[in-house]
Amino acid sequence: MTLTEKYLKAVAAQLPAAGREDVIAELRDALMSRMEDREAELGRPLTEAEEEAVLREMGHPLAVAARFGAGPHHVVGPELYPWWLFGVKTALTVLLVITVIGAVVRMLVGEVEAAQAFGQAIHGLLWSGMMIVGFATVAGFIIERMKDKPAFLTEWRARDLGLFEMGVFSSAWAAKAADMVGGERADGIKDPGASRGQSWGRWDGQAAGMSPTAGAVASGVAWGVFVLWWTGVIGQEIRPGVIGGELMVDGVDWGLLLNETIAWVWWPLLAFGAARAAFHLMRAAMGAPVRFTAFGDVAFSAASLGFIGWFWLYSPMASVIATDNVWALEDRVRAAWETGEPMAPVILMLITIVVFIAEVFTLLGAAGRFVTGRDGRRHAG
């Protein structure tokens with residue numbers, strides 16, 4: 001077998017079966033023509049080294065096959081790359097937050113010392129960060145090869161492009177924070193809103209916000225990272241029996257209560273997080289329709305309120321945070337403030353109440369958007 005035949009066979013192996021013979025025939029003709037021209041120049045047949053030189057000029061078999069092959073010749077193309085980068089930044093930010101929270105909780109329940117928790121957190125961030133980039137790249141690879149691209153790529157609106165200014169770790173934010181001096185940035189561009197008391201990121205009084213579709217992508221990524229963390233795919237595993245340990249504070253074993261609470265909520269929170277991730281990614285693909293988004297927000301807020309009610313009345317934590325009425329709550333807060341009663345239960349009570357009120361307002365707002373079909377927000381979270 002000649003070098004040319006070996007070359008053609010290597011190219012053919014990289015091509016799809018459909019049309020392979022035609023491509024190889026065309027390539028053989030091109031190679032023969034080049035070699036005949038070279039032989040005419042030299043006035044003699046080519047040596048094996050000269051034949052190989054011609055083949056090198058044509059290109060490596062992998063590169064040649066790629067030129068003839070169908071489909072994208074990249075993993076993440078330039079159109080999708082800003083979204084890929086935005087998703088990675090968002091996911092890494094969420095990962096950082098939950099890793100820090102997880103490390104603090106493990107230290108509080110006495111599972112590890114501070115130095116050990118810090119070392120494990122750094123190791124987890126590096127390993128989990130690489131996994132997130134890998135997952136995002138696989139998702140980009142799939143989207144690039146979809147016949148019908150998601151709506152956020154094909155149906156974007158100019159008024160929604162604040163995403164690229166508001167994105168996590170955005171260079172625009174750095175310019176605003178570091179380069180602004182008297183309404184002028186270090187690059188010499190005058191701030192059009194400085195004379196009106198506005199800062200960069202505002203134009204005619206409108207805040208440069210994240211588009212609904214971008215918000216859906218960010219929320220989907222964030223909840224996806226939560227699911228991966230909750231199941232132990234990235235970071236420290238959170239499971240009944242894994243988190244816990246004796247942490248006695250004023251006669252209350254908070255480590256035991258935490259472990260018992262996780263035992264109750266592990267599967268429900270996994271299902272809740274997975275459902276929210278799927279919902280947000282679905283509405284991103286649909287272009288974030290208002291009524292679909294509002295319906296999901298109503299459902300998820302109702303589920304959250306149900307969970308908060310259970311946490312307050314029936315969870316293992318209820319034994320230290322629940323009160324019978326508003327007056328009992330007021331008395332307990334006053335006692336903690338005036339007499340030095342343990343503050344941890346009171347703080348947990350107040351956090352639970354604030355979250356409950358916030359979810360009520362979220363539910364009411366979502367119900368209003370579902371009825372009117374108009375979105376007064378930038379995006380759902």
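Okay, let's start with one residue: Leu126 is exposed, with a relative accessible area of 57%. If you want to find Leu126 on the screen, look in helix α6, which covers residues 114-144. And here's a fun one about Leu126: how far apart in space are Leu126 and Ile234, C-alpha to C-alpha? They're 10.0 Å apart, even though their positions lie 108 residues apart in sequence.

Before I go on, please keep in mind that this is a predicted model.

So, the overall picture. The chain has 381 residues, and 37% of them are buried. In terms of secondary structure, we've got 15 helices and 4 strands. The accessible surface adds up to about 21700 Å², and carbon and sulfur atoms own 65% of that. Now take the contacts with a separation of 6 or more: 66% of those are between residues 24 or more positions apart.

Let's zoom in on helix α1, and on Thr4, which sits there. Is Thr4 buried or exposed? Thr4 is buried, because its relative accessible area is 4%, and the cut-off for buried is under 20%. And who does Thr4 touch? If we skip the neighbours within four places in sequence, Thr4 is in contact with Leu31, Met32, Met35, Glu51 and Leu55.

Another buried one is Trp230, at 6% relative accessibility. You'll find Trp230 in helix α10, residues 212-230. Trp230 also pairs up nicely for a distance check with Trp267: their C-alpha atoms are separated by 9.8 Å, and along the chain they're 37 residues apart.

Right, salt bridges. Side chains of opposite charge can pair when their charged atoms come close. How many salt bridges does the structure hold? There are 6, and I'll walk you through some of them.

Go back to helix α1 for a second. The side chain of Glu5 forms a salt bridge with the side chain of Arg28, at 3.4 Å from N to O. This pair links distant parts of the chain: Glu5 belongs to helix α1 (residues 3-13), Arg28 belongs to helix α2 (residues 20-42), and they're 23 residues apart. Both ends have some exposure, by the way. Glu5 comes out at 32% relative accessibility, so we call Glu5 partly exposed. Arg28 is partly exposed too, with 30%.

Now stay on helix α2 and move along to Arg38 and Glu41. Their side chains meet in a salt bridge as well, and here the N to O distance is 3.9 Å. Both residues lie in helix α2, 3 residues apart, and that's about one turn of the helix. How exposed are they? Arg38 is at 24% relative accessibility, so Arg38 counts as partly exposed. Glu41 has a relative accessible area of 62%, so Glu41 goes down as exposed. There's a third partner here, too: Arg38, Glu41 and Glu57 are linked in a network of salt bridges.

One more pair, this time in helix α3, residues 48-58. Glu52 and Arg56 meet through their side chains in a salt bridge, with 3.7 Å from N to O. They're 4 residues apart in that helix, so about one helical turn separates them. Glu52 is partly exposed, with a relative accessible area of 35%, while Arg56 counts as exposed at 62% relative accessibility.

Okay, last topic: patches on the surface. Which residues form the negative surface patch? That would be Glu21, Asp22, Glu26 and Asp29. Let me pick out Glu21 from that group. Glu21 is in helix α2, and at 71% relative accessibility Glu21 counts as exposed.

There's a nonpolar patch on the surface, too. Its members are Val75, Val138, Phe141, Ile142 and Met146, and together they have about 420 Å² of accessible area. Look at Met146 in particular: this residue is found in the loop between α6 and α7. Met146 has a relative accessible area of 33%, so Met146 is partly exposed.

So, what should you take home? We began with Leu126, an exposed residue, and then met Thr4, a buried one. We saw a salt bridge that links distant parts of the chain, between Glu5 and Arg28, and one inside helix α2, between Arg38 and Glu41. And we finished on the surface, with a negative patch and a nonpolar patch. That's it from me, thanks for listening!

Conventions: Residues are numbered from 1 along each chain as its sequence is written. This is a predicted model: local features need pLDDT of at least 70, side-chain atom pairs count only at pLDDT 80 or more; totals for chains, interfaces and linings use all residues. Side-chain values use heavy atoms; hydrogens and water are left out. A salt bridge is a side-chain nitrogen of Lys or Arg within 4 Å of a carboxyl oxygen of Asp or Glu. Helices (H or I, at least four residues) and strands (E, at least two) are DSSP runs, numbered from the N terminus. Buried means under 20% relative accessible area, exposed over 50%, partly exposed in between (1.4 Å probe, protein chains only). Patches are made of residues with over 30% relative accessible area and no salt bridge: like charges are joined within 9 Å, nonpolar side chains (Val, Leu, Ile, Met, Phe, Trp, Tyr) within 5 Å. Accessible areas come from the Shrake-Rupley method with a 1.4 Å probe; for residues, only the protein chains shown count as cover. Lys and Arg count as positive and Asp and Glu as negative; His and the chain ends are not counted. The place of a charge is taken as NZ of Lys, CZ of Arg, CG of Asp or CD of Glu. Contact means heavy atoms within 4.5 Å.
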